[in-house]
Amino acid sequence: MNKTIPYSVPTKTISLTFLVLAMLVSTILATDTLPSPTPAPPKLLTTGDPSGLYMVLPRPLNGQNGFYIYHRKKTDSRFIGTAWYQGQPIIAQVFNGRLHLFFEKGSSMSYNLFGNQTEKRIPTDYDLIACTASADQLLALVRPKAAQPQTDPAAPDHKVSGVNKGLVILKRKANTDWDVFYSLPSVPDTLSPGQLKLASYNDTPYLFALIKGQIFLFDINNIKPPTHLSDALTQVKAFMPIVLNQEMILTVAHGDNAGDSSPVQLSIGRPGPDGQWTFGSPLLSNTKPLTVSPENISVTAYGQNLAFFNYQTAETILWGQYSPAGKELATLTPIPALQYKTPPWLKQLENFSILPLLITLFLLYIYRKEAFNKSQPLMPHIQLAPFITRVIAFIFDLSILSLLSDMVIQIASINTPTELLESNYLMTVFIDQVQQGAIPPHILNYIMTTLAITYIVTVIYFTAFEMLLSATPGKFAMNMVITDVDGKKPTLKQIVIRNLVRFFFLEFYPIILFTYRRQRIGDLLAKTIVVTKKIMIRPSDSVSKGNNFDQHDAP
């Protein structure tokens, strides 16, 4: 007579496993998995075009220089951040619908909200000073490096032939190489990059210089001394030429103090018919003159307005808009995208990612007799459903659940954030936002809401069909049903229990390969099994039919 040998899990082995896992969890929880980033240098790059606005915020991470890009569409009401990129850009310029960033050694990359690509680098003969763009070409103000040989523009090292005295303006169109546009031998090469600004108006480049606190304009077409723009302003600390609404204007930070970091006021200048520039009164904000530090202010065109940025900290950057028709700058307000803080409980989920595994092992230990003990063989009329059949049925049910959940979300008028519609967002930006603990609130709310709806729809779907038919549409199609361990129809309580925990232990679904009755965690808790329906015919000498399935399948 064959005797079944019961299977049991060694208690000491399980206890040791739990001890090791407990120590591992304690170590994880005691470690800060989200290190605080190194403070960013007080440097901010901004640029824009009629369709939107870009802000580049340098922020080192894990000892490496890098930056974030924030974009605000003209039709949108918020800034949207991108993933963290490595590098240290020095100049930002929108051209051909993409953000072009130039780095210290002349390399260039272009970006949109969800991707980047390599662009033509500045030729190695030159050091980059400034950059601007017109409708169809990108312009770069460069200084030739000393004692560089003259070479062919088609050379592999991207060198461009030209003068080696003064400054040079290079140009390129989309998908073309850089070429010499203007040579400026009359411009002193002793001027620092911070003193020179380049602008393009009506396809003509304009070169401005800040010399001893005053602004000068170089005539590029004619070699002659620069023109002093206005006697009205002295002690100019910083300025920016901007083309706005088909007009060249200057935003000037000026003050009476000699220090470069002393607070200054902002004024807007426009050219007059006589060639002299007229500067208005200092800009107001909340009816008071706006006072800022020159190194922490950045101005750029934004649609038909000007956008002002005031850098305070890496998490606090104020911004506001100014209409040239008005006299007052809109109130400077913090950019919410920089202040997103993921709730502490959500950030801790990363630390507790191993928790479902621990709970699964704990429940397997508690239910080890039901899960692994073969001393109680199955009844003769029961045949367990194969694993692959259950997987196919589950995929079938998931497709139906996806449609039902989408219908409920549409009926509830829950709009999907535009970022989530981009193919690369979840794989790049969202992962980075999770790691930095800076998930935008509107995305976090959407995710939590859709997860809650999906969970509710899932529980109702499985519970309703298993209560009425003892099988979901997927199981019904694969000829399977749910029973208790004796082959009887499960009770409502058993069905509810097995489905309430379905969502939490989904990642451990393959555990049914190792349990004696091919039960997952929900089945162990509810004492149910999944069987092949066509075998569910009780033998003639079985107990009363009661709630058995032979009443459905018997001939």
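## A walk through a predicted structure

Let us begin where the model is unsure of itself: over residues 147-164 the pLDDT stays under 50, and there the model has 36 contacts beyond four places in sequence. This is a predicted model, and pLDDT is the predictor's confidence in each residue, on a scale from 0 to 100. Residues 537-555 are another such stretch, with pLDDT under 50 throughout and 27 contacts beyond four places in sequence. Across the protein, the mean pLDDT is 76, and 73% of the residues reach 70 or more. Where is confidence lowest, and where is it highest? Helix 11 (residues 550-553) has the lowest value, a mean of 41, while strand 7 (residues 98-103) has the highest, at 92.

Strand 7 is a good place to start on the sheets. It belongs to an open sheet of four strands, in the order 6-7-8-9, with antiparallel pairing. Strand 6 (89-95) and strand 9 (115-118) stand at the edges with a single partner strand each, so one side of each has no neighbour in the sheet. On average, neighbouring strands here are turned by 25° against each other, if direction is ignored. What holds strands in a sheet together? Strands of a sheet pair through backbone hydrogen bonds, either parallel or antiparallel. You can follow this pairing between strand 8 (residues 108-112) and strand 9, which run antiparallel and are joined by four bridges. As an example to find in the structure, Met109 has Thr118 in strand 9 as its bridge partner.

Further along the chain comes another open sheet of four strands, in the order 14-15-16-17, again with antiparallel pairing. Its edge strands are strand 14 (196-201) and strand 17 (227-228), each of which pairs on one side only. Inside this sheet, strand 15 (residues 204-211) and strand 16 (residues 214-218) run antiparallel and are joined by five bridges. Here, Ala209 has Phe216 in strand 16 as its bridge partner.

Now look at a hairpin. Strand 18 (residues 236-244) and strand 19 (residues 247-254) run antiparallel, with eight bridges between them. Two residues lie between these strands, and Asn245 in the turn has a positive phi of about 55°. Along the hairpin, Met240 stands opposite Thr251 in strand 19.

Next come the helices. Two packed helices are described by the angle between their axes and the distance between the axes. The axes of helix 5 (residues 387-411) and helix 7 (residues 441-468) come within 9 Å and cross at roughly 125°, which makes helix 5 oblique to helix 7. The crossing is right-handed. Among the residues in this contact are Phe394, Leu401 and Asp397 of helix 5, and Ile453, Thr454 and Tyr461 of helix 7. Sorted by class, the contact has 10 nonpolar, four polar and one charged residues.

Helix 7 also packs with helix 9 (residues 492-500). Which way do these two helices run relative to each other? Their axes are 9 Å apart, at an angle of about 150°, and that makes helix 7 roughly antiparallel to helix 9. Helix 7 passes helix 9 in a right-handed crossing. Where they meet, helix 7 contributes residues including Tyr455, Val459 and Glu466, and helix 9 contributes residues including Ile495, Arg498 and Asn499. This contact divides into eight nonpolar, two polar and two charged residues.

Definitions and conventions
Residues are numbered from 1 along each chain as its sequence is written. This is a predicted model: local features need pLDDT of at least 70, side-chain atom pairs count only at pLDDT 80 or more; totals for chains, interfaces and linings use all residues. Side-chain values use heavy atoms; hydrogens and water are left out. Axes are lines fitted to C-alpha atoms, for helices over the stretch in contact, and angles run from 0 to 180 degrees between N-to-C directions. Angles under 35 degrees count as roughly parallel, over 145 as roughly antiparallel, 65 to 115 as roughly perpendicular and the rest as oblique. A crossing is left-handed if the near helix is turned anticlockwise from the far one by less than a right angle, and right-handed if clockwise. Contact means heavy atoms within 4.5 Å. Ala, Val, Leu, Ile, Met, Phe, Trp, Tyr, Cys and Pro count as nonpolar, Asp, Glu, Lys and Arg as charged, and the others, Gly among them, as polar. Two strands pair if DSSP finds at least two bridges between them.
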